[in-house]
Structure formats: C-alpha cells, structure tokens
Amino acid sequence: AYSTCSSLTNYTVANQTVDGSHVLTSTFIPVEGEEGLHTMYFQASTGIGLPSTTQRYIKVNGPLAVVEHIRGETIFITPNPTTDETRIAWGAFVAGEAQLIDAQGRMLKRWQPGTPSFNLSVADLPPGIYTVRLLKGDRTAAARLAVGTH
C-alpha cells in the first residue's frame with residue numbers, strides 16, 4: 001500500500017501494519033504557494049489481481065504566510081496580513097512560550113499556548129508589522145505578522 005501527492009512539498013506517509021492490516025497515515029504542512037485543491041492518490045495490492053486505487057482531495061485555504069527562521073524552524077500565520085484575528089501554528093511543536101513584539105522591539109504579549117496551533121487576536125493593535133516568536137527549550141522560531149487598518 002502507498003500514497004502520493006506530488007503537488008504538496010511536505011507530504012509524507014507512514015505505512016504501518018496494525019492487527020494484520022495496512023494502515024496509511026498521511027501528513028503535510030502546506031507552504032506558501034500551495035493554496036488550492038490537491039489530489040492524494042492511494043493504491044493497495046494483495047498480490048492477486050489488479051491493485052485497488054482511489055483518490056481523495058485536500059483543499060489548502062490561503063493566504064498562507066510561511067516564514068522560516070532560526071535553525072530552519074517554520075511558523076505558519078494565516079491570514080497574514082490581518083485586521084482582527086490570525087491563526088498561528090508551529091508544525092507539531094507546542095511552544096512553551098509565545099511572544100508578540102512590536103517594531104520597536106517591545107514585548108506586547110507573552111503567553112503559554114498549550115497547543116501546536118492557536119488563534120491570536122490583534123484587534124486592539126494599531127496597524128503595523130509585528131514579530132511572533134515561539135520558544136520551546138533550545139528551539140526558537142520567529143515570523144512577521146502584518147496588521148492592517150480596521
């Protein structure tokens with residue numbers, strides 16, 4: 001059994017056997033430019049007769065903002081720019097601390113998210129460019145967040 005999705009850069013498949021049956025687990029983290037509809041192809045064979053094939057569709061909503069920083073860590077912020085709220089994700093990592101920093105380097109907000117992705121309200125912020133910084137142990141990731149006019 002196997003699966004492919006050539007239009008998604010980070011598409012990976014874990015092929016495992018559970019209770020004598022094949023189980024495929026597909027995961028992906030979309031990157032900038034991969035918004036839209038994607039087709040995943042699945043094929044399985046018992047070795048007798050033709051393989052069984054099927055396809056499923058994944059829609060990646062945009063716009064995506066993907067910024068890679070320190071040690072190749074990646075933060076996803078969508079929508080970006082925003083005027084009221086944005087969703088922030090750091091792959092599968094749960095940040096020990098999240099920080100929102102203004103253009104002058106002042107820390108405006110600091111919190112412990114508790115999940116790999118979370119919503120951030122920016123409705124109370126003036127328009128401008130901010131930095132979102134996520135930290136966990138020796139891992140650090142930072143990305144710019146643009147807040148537009150309300």
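A residue is called buried when its relative accessible area is under 20%, exposed when that value is over 50%, and partly exposed in between. In this predicted model, buried residues make up 30% of the 150 residues in the protein chain.

## Overall build

The protein chain contains 13 strands and zero helices, so that, by the way such elements are assigned, the order from the N terminus reads β-β-β-β-β-β-β-β-β-β-β-β-β. When contacts between residues at least 6 apart in sequence are considered, 46% of them join residues that are at least 24 apart. The chain exposes about 9000 Å², and carbon and sulfur atoms supply 52% of that area.

## The nonpolar cores

The largest nonpolar core holds 18 residues, and those touching the most other members are Ile75, Ile77, Ile88, Leu100, Val132, Leu134 and Leu145. Two or more residues of this core come from each of strand S7 (74-78), strand S9 (97-101), strand S11 (117-121), strand S12 (128-136) and strand S13 (139-147). The largest share, four residues, is given by S13. A second, separate core has six residues, including Leu8, Tyr11, Ile58 and Val60.

Which residues surround isoleucine 88, once its neighbours within four places in sequence are left aside? Isoleucine 88 is then in contact with Ile75, Phe76, Ile77, Pro116, Ser117, Phe118, Leu120, Val132 and Leu134.

Phenylalanine 118, one of these contacts of isoleucine 88, counts as buried because its relative accessibility is 8%. Phenylalanine 118 also forms an aromatic pair with tryptophan 111, in which the ring centres lie 5.8 Å apart and the planes meet at 85°. This arrangement is edge-to-face because the angle between the planes is over 60 degrees. The structure holds one aromatic pair.

## Charged side chains

Side chains of opposite charge can pair when their charged atoms come close. A search of the whole structure finds three salt bridges, which are set out below.

| Basic residue | Acidic residue | N to O distance |
|---|---|---|
| Arginine 110 | Glutamate 97 | 2.9 Å |
| Arginine 106 | Aspartate 102 | 2.7 Å |
| Lysine 109 | Aspartate 124 | 3.7 Å |

The pair of arginine 110, in strand S10, and glutamate 97, in strand S9, links distant parts of the chain, since the two are 13 residues apart. Arginine 110 counts as exposed because its relative accessibility is 54%, whereas glutamate 97, at 17%, counts as buried.

Lysine 109 lies in strand S10 and aspartate 124 in the loop between S11 and S12, so their salt bridge ties together parts that are 15 residues apart in sequence. Lysine 109 is partly exposed, with a relative accessible area of 23%, while aspartate 124 is exposed, with a value of 57%.

Where does aspartate 102, the partner of arginine 106, sit in the chain? Aspartate 102 is found in the loop between S9 and strand S10 (107-111), and a relative accessibility of 7% is why aspartate 102 counts as buried. Besides the salt bridge with arginine 106, a polar atom of the side chain of aspartate 102 lies 3.0 Å from the backbone nitrogen of glutamine 104. Leaving aside neighbours within four places in sequence, aspartate 102 is in contact with Leu108, Ile129 and Tyr130.

Methods
Residues are numbered from 1 along each chain as its sequence is written. This is a predicted model: local features need pLDDT of at least 70, side-chain atom pairs count only at pLDDT 80 or more; totals for chains, interfaces and linings use all residues. Side-chain values use heavy atoms; hydrogens and water are left out. A nonpolar core is a set of buried Ala, Val, Leu, Ile, Met, Phe, Trp, Tyr and Cys residues joined through side-chain atoms within 4.5 Å. Buried means under 20% relative accessible area, exposed over 50%, partly exposed in between (1.4 Å probe, protein chains only). Contact means heavy atoms within 4.5 Å. Rings of Phe, Tyr and Trp (its six-membered ring) pair if their centres lie within 6.5 Å; planes under 30 degrees apart count as stacked, over 60 as edge-to-face and the rest as tilted. Accessible areas come from the Shrake-Rupley method with a 1.4 Å probe; for residues, only the protein chains shown count as cover. A polar contact is a pair of N or O atoms within 3.5 Å; within protein, one must be able to donate a hydrogen and the other to accept it, and residues adjacent in sequence count only if both atoms are side-chain atoms. A salt bridge is a side-chain nitrogen of Lys or Arg within 4 Å of a carboxyl oxygen of Asp or Glu.
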